[in-house]
Amino acid sequence: MELSVGISGASGAPYSVRLLQALDELDDVKKVHLVISSNGVTLLKQEMSIRLTAKSFKVSQLLGRNSSKIQFYDNMNFYSPIASGSYPTAGMIVIPCSTGTMGAVAAGASSNLIQRGAEVALKERRKLVLVIRETPLSAIHLENLLRLSNAGAVILPASPGFYHRPAGIPDLIDFVVGRVLDQFDLPHNVGKRWGKK
Ligand SMILES: Cc1cc2nc3c(=O)[nH]c(=O)nc-3n(C[C@H](O)[C@H](O)[C@H](O)COP(=O)(O)O)c2cc1C
């Protein structure tokens, strides 16, 4: 399958990097179309010391290795394949998803490629997974989330559980990323499953 991944400017950059690593390793995933907002770039630097610019983007800076599977697009590139519903993908993941991006998608007001990709996923009835990160949530956030859920999006908050006794932050990251992969029925070993040794 082919998937789109958007990284927006919410806290949680490590979730996006871990997801890309996992997708890169999965045989079922043939291509990943990647878009990063300017604040997504800011958060990658703030939280992971990863320094990217659209012009000098290298997958190895994100993954620590090269990948021919990951295709990067500028967030204003509406000529990219994922800006059109005629290009077949299994859907899109926005991870982390800021309330700003979430609100724009809820309003159907796409002004960049992440928002357009999400809009396309909804209109084509493809899977759209929004890994939102904000707390507390206002009534506006909640109304937007309900609107998106009613339109078919999966709202998957970056909210790891603790019942599997995480040994550290990597376990918390894997908890969330594993749930994202589950949404696409991808067989994986990311994170522990309840009831499984
Ligand atoms: C250090 C930092 C942390 C932020 N954390 C969050 C966050 O957790 N959730 C959120 O919705 N926005 C957060 N923001 C605000 C968004 O980056 C901002 O609303 C931005 O306009 C979102 O644009 P984008 O969705 O195109 O990336 C943060 C901004 C900065 C600089």
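**Helix packing, ligand contacts and unusual backbone spots**

The axes of helix 4 (residues 99-107) and helix 6 (residues 139-150) cross at roughly 50 degrees and come within 9 Å. This is a predicted model, so here are some questions to walk through it.

Q: Are helix 4 and helix 6 parallel, perpendicular or oblique to each other?
A: Their axes cross at roughly 50 degrees. Angles under 35 degrees would count as roughly parallel, and 65 to 115 as roughly perpendicular. The crossing angle fits neither range, and therefore the relation of helix 4 to helix 6 is oblique.

Q: Is the crossing of helix 4 with helix 6 left-handed or right-handed, and which residues of helix 6 make the contact?
A: Helix 4 passes helix 6 in a crossing that is left-handed. On the helix 4 side, the contact uses T99, M102, G103, V105 and A106. Across from them, the helix 6 residues are H141, N144, L145, R147 and L148.

Q: How many residues in the contact of helix 4 with helix 6 are charged?
A: The contact divides by class into five nonpolar and four polar residues, plus the charged share. Arg counts as charged, and R147 of helix 6 takes part in the contact. The charged count is one.

Q: What is the angle between helix 1 and helix 7, and what does that make them?
A: Helix 1 (residues 13-25) and helix 7 (residues 169-182) have axes 9 Å apart. Their packing angle is about 55 degrees. The two helices are therefore oblique.

Q: Which residues of helix 7 does helix 1 meet?
A: The crossing of these two helices is right-handed. From helix 1, the residues involved are P14, Y15, R18, L19, A22 and L23. Their partners in helix 7 are L172, I173, D174, V176, V177, V180 and L181.

Q: How many polar residues does the contact of helix 1 with helix 7 have?
A: By class, this contact has 11 nonpolar residues and two charged ones. As for polar residues, there are no such members.

Q: How are helix 1 and helix 2 placed, oblique or roughly perpendicular to each other?
A: Their axes are 8 Å apart and the helices pack at about 100 degrees. A13, P14, S16 and V17 of helix 1 meet L43, L44, E47 and M48 of helix 2, and the contact divides into six nonpolar, one polar and one charged. Since 65 to 115 degrees is the range that counts, the two helices are therefore roughly perpendicular.

Q: Which residue has a backbone N or O atom 2.7 Å from a nitrogen atom of the ligand?
A: The residues around the ligand include S8, G9, S37, N39, T99, R133 and E134. T99 puts a polar backbone atom 2.8 Å from an oxygen atom of the ligand. An N or O atom in the side chain of E134 is 3.4 Å from a ligand nitrogen atom. The residue with the 2.7 Å pair is R133.

Q: Which residues does K192 contact, leaving aside its neighbours within four places in sequence?
A: K192 sits in the segment after helix 7. H164 is 28 residues from K192 along the chain, yet their C-alpha atoms are separated by 7.0 Å. The contacts of K192 are H164 and R179.

Q: What is omega for the cis peptide bond that joins T135 and P136?
A: Most peptide bonds are trans. One cis bond joins I95 and P96, with omega about -10 degrees, and P96 is in strand 4 (residues 91-97). P136 is in the loop between strand 5 (127-132) and helix 6. For the cis bond of T135 and P136, omega is about -5 degrees.

Q: What is phi of S49?
A: Most residues other than glycine have a negative phi. S49, in the loop between helix 2 (38-48) and helix 3 (59-63), has a positive value instead. That phi is near 55 degrees.

Technical notes
Residues numbered from 1 in each chain as written. Predicted model: local features only at pLDDT ≥ 70, side-chain atom pairs only at ≥ 80, totals over all residues. Heavy atoms only, no water. Axes fitted to C-alpha atoms, helices over the stretch in contact; angles between N-to-C directions. Helix = DSSP H or I, 4+ residues; strand = E, 2+ residues; numbered from the N terminus. Parallel < 35°, antiparallel > 145°, perpendicular 65-115°, else oblique. Left-handed = near helix turned anticlockwise from the far one by under 90°. Contact = heavy atoms within 4.5 Å. Near = heavy atom within 4 Å. Polar contact = N/O pair within 3.5 Å; in protein donor to acceptor, adjacent residues only side chain to side chain.
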